[in-house]
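Got your viewer open and a selection tool ready? Let's take a walk through this one, stop by stop.

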Amino acid sequence: MSLAKYGVSRKIFSFLLFLLLLLPTFDAGDPIGSHFVRRRPKRLSSPYFDREKTLVLAKYVVSIRSRRPHKFFGDNHFCGGVIISRTYILTSAHCAMDKRKIVHRSRVLVVVAGTTNRLKIREGLSLILEVKKIFVPDKFTVFNTNNIALMMLAKELPSDNPLVGVIKLPTADPEPGRSSGLRHPAH
């Protein structure tokens, strides 16, 4: 399926996803992501989502979690990321660090791909992958400047999974005045 079918340019969607990653959130503390458990929605979209569009876009999104669930599958989710290659996940630097701004050891994190609901695993389709290495800019600050990180996976994501896809990043700046086609419901 093509994003163009839904009126969404890949460049615009990629840029918007990148901006969402830069939104400030709570610091990741100990245990990893524990402060997110009570406040995070269970799905990757709002209650006003378009099911078909969400399923198309969700294949690019991953859940970043501590290695072990607290009580049940998915309660260890604390951040999200975007698949930019079969071995790299793009996320925010604050998702890769604890509250003291020290980068997490890669062995304490996993990435879950292939599900639209963080609490449900899809047998044969959902993937739980270990993180091999984390890259954070030296100039990341407590003021969220340079708030970007890359996570290198220990194994490559499969190319034959219909619920997992590599998003195409923009190669040029977006055109001024052009609408992405994405709308938020009025509150």
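What follows is a tour from the whole chain down to single residue pairs.

**Before you click**

This is a predicted model, so local features need pLDDT of at least 70 and side-chain atom pairs count only at pLDDT 80 or more, while totals for chains, interfaces and linings use all residues. Residues are numbered from 1 along each chain as its sequence is written, and side-chain values use heavy atoms, with hydrogens and water left out.

**Stop 1: the whole chain**

Switch to a cartoon view. The protein chain has two helices and six strands, in the order α-α-β-β-β-β-β-β along the sequence. Helices (H or I, at least four residues) and strands (E, at least two) are DSSP runs, numbered from the N terminus. Of the 187 residues in the protein chain, 40% are buried. Here buried means under 20% relative accessible area, exposed means over 50%, and partly exposed is in between (1.4 Å probe, protein chains only). Now think about contacts, meaning heavy atoms within 4.5 Å. Among those between residues at least 6 apart in sequence, 67% join residues at least 24 apart.

**Stop 2: strand β4**

Select residues 109-113, which is β4. Is this strand buried or exposed? Five of its five residues are buried, so β4 is largely enclosed by the rest of the structure. Color the two faces separately: L109, V111 and A113 sit on one side, V110 and V112 on the other, and all are buried.

Next, show the neighbors. Strands count as paired if DSSP finds at least two bridges between them. β1 and β4 run antiparallel and are joined by four bridges, with I64 standing opposite V111. β4 also pairs with β5, again in the antiparallel sense and over four bridges; there, V111 has L129 as its bridge partner.

**Stop 3: on to β6**

From β5, step across to β6 (149-153). β5 and β6 pair antiparallel over four bridges, and K133 stands opposite M152. β6 is joined to β3 as well, by four bridges and antiparallel; look for T91 with its bridge partner A149. Four of the five residues of β6 are buried, so this strand is largely enclosed by the rest of the structure.

**Stop 4: the nonpolar core**

Select I83, I89, I134, V136, M151 and L157 and show their side chains. These have the most contacts inside the largest nonpolar core, which has 24 residues. (A nonpolar core is a set of buried Ala, Val, Leu, Ile, Met, Phe, Trp, Tyr and Cys residues joined through side-chain atoms within 4.5 Å.) Which elements give two or more residues to this core? They are β1, β2, β4, β5 and β6, and β5 gives the most, with four residues.

Stay on L157 for a moment. Leaving out residues up to four places away in sequence, L157 touches I83, S85, R86, A113, L127, L129 and V164.

**Stop 5: N76 in its loop**

Go to N76, in the loop between β1 (61-66) and β2 (77-83). N76 is buried, at 3% relative accessible area. The side chain of N76 reaches the backbone oxygen of S66 at 2.6 Å. Turn on nearby residues and, not counting those up to four places away in sequence, you'll find N76 touching I64, R65, S66, R67, R68, P69 and H70. For a distance label, try the C-alpha atoms of N76 and R65: they are 5.3 Å apart, though the residues are 11 apart along the chain.

**Stop 6: the salt bridge**

How many salt bridges are there? The count comes to one, using the rule of a side-chain nitrogen of Lys or Arg within 4 Å of a carboxyl oxygen of Asp or Glu. Select E130 and R67: their closest N and O atoms are 3.4 Å apart. E130 is in strand β5 and R67 in the loop between β1 and β2, 63 residues apart. Both are partly exposed, E130 at 44% and R67 at 32%.

**Last stop: the aromatic pair**

A search of the whole structure finds one aromatic pair. Show Y88 and F135, which are tilted, at 6.4 Å centre to centre and 45° between the planes. Rings of Phe, Tyr and Trp (its six-membered ring) pair if their centres lie within 6.5 Å; planes under 30 degrees apart count as stacked, over 60 as edge-to-face and the rest as tilted. Y88 belongs to strand β3 (residues 88-91) and F135 to strand β5 (residues 127-135), so this pair links parts of the chain 47 residues apart. Y88 is partly exposed at 25%, and F135 is partly exposed at 34%.

Key: Polar contact = N/O pair within 3.5 Å; in protein donor to acceptor, adjacent residues only side chain to side chain.
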